[in-house]
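The exercises below concern salt bridges between side chains and the exposure of the residues that form them. Work through each one with the structure at hand before reading its solution.

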Amino acid sequence: MRVIGVTGGVGSGKSAVLNYIEAHFDARIVKADEVGHMLMMPWGKCFDPVVQLFGDWVVREDGSLDRQAIAQIVFKDSEMLKKLNAIIHPEVKKYIVNEIERSRKEETEFFFIEAALLLEEKYDEICDEIWYIYCEKEVRMERLRRDRGYSDERIRQVMENQLPDEEYEAHCDFQLYNDEDVAHTYLQIERRMRTYYESV
């Protein structure tokens with residue numbers, strides 16, 4: 001089984017790339033964000049530590065965490081963000097490592113990990129290779145306005161907190177250019193995936 005990490009700036013279209021791969025290949029897709037959300041559910045490993053960090057007031061009437069309130073706090077308070085990340089990220093990585101082993105036993109051909117902080121959290125240590133999804137800044141900004149309703153100020157702040165393109169490029173094994181031409185994106189994916197079958 002080949003383990004492939006997928007990263008890229010916000011709005012680069014990582015999900016669209018992974019959706020195509022999942023539909024056309026024997027691939028398991030795990031997204032670090034989704035794992036983090038799951039672990040913060042009332043039954044998840046991170047729920048109690050997060051409540052201890054922020055206080056009982058972040059628990060809503062239905063018993064779940066008020067993630068929007070937490071996001072507003074950590075957006076303004078970098079120390080609280082560090083403390084939250086110290087709770088979430090190690091557990092997410094542990095969960096993903098276990099899922100890799102499970103998929104290996106099931107003889108899945110490919111295991112893709114999607115994480116915005118793939119390099120920062122050293123996921124490259126558990127991956128066979130890293131894909132970098134590249135998209136021009138203007139196209140990414142337009143996607144974030146259109147698909148997520150982000151303001152220009154929010155887009156600027158999010159982008160400033162991410163690694164520069166040069167940093168991604170220096171650590172990736174394959175760069176996929178994902179502009180508005182989806183046919184071109186799919187062609188790049190097909191060509192790359194074909195190289196794995198040819199190398200067997």
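**Exercise 1.** Is Arg145 buried, partly exposed or exposed?

Solution. This is a predicted model, and the relative accessible area computed for Arg145 is 32%. Since partly exposed covers the range between under 20% for buried and over 50% for exposed, Arg145 is partly exposed. Turning to its partner, Arg145 forms a salt bridge with Asp152, in which the closest N and O atoms are 2.7 Å apart. Asp152, at 44% relative accessibility, likewise counts as partly exposed.

**Exercise 2.** Determine which parts of the chain are tied together by the salt bridge between Arg28 and Glu99.

Solution. The side chains of Arg28 and Glu99 meet at 2.8 Å, N to O. Arg28 belongs to strand β2 (residues 27–31), whereas Glu99 belongs to helix α5 (residues 78–105), so the pair ties together parts that are 71 residues apart in sequence. As for exposure, Arg28 is partly exposed at 25% relative accessible area, while Glu99 is buried at 8%.

**Exercise 3.** Which residues are joined with Glu99 into one network by salt bridges that share partners?

Solution. Begin with the salt bridge between Glu99 and Arg102, whose closest N and O atoms are 2.8 Å apart. Both residues lie in helix α5, three residues apart, which is about one turn of the helix, and Arg102 is partly exposed at 44% relative accessibility. Through shared partners, salt bridges join Arg28, Glu99, Arg102 and Glu106 into one network. For the model as a whole, the count comes to 13 salt bridges.

Methods
Residues numbered from 1 in each chain as written. Predicted model: local features only at pLDDT ≥ 70, side-chain atom pairs only at ≥ 80, totals over all residues. Heavy atoms only, no water. Salt bridge = Lys/Arg side-chain N within 4 Å of Asp/Glu carboxyl O. Helix = DSSP H or I, 4+ residues; strand = E, 2+ residues; numbered from the N terminus. Buried < 20%, exposed > 50% of the residue type's maximum accessible area, 1.4 Å probe, protein only.
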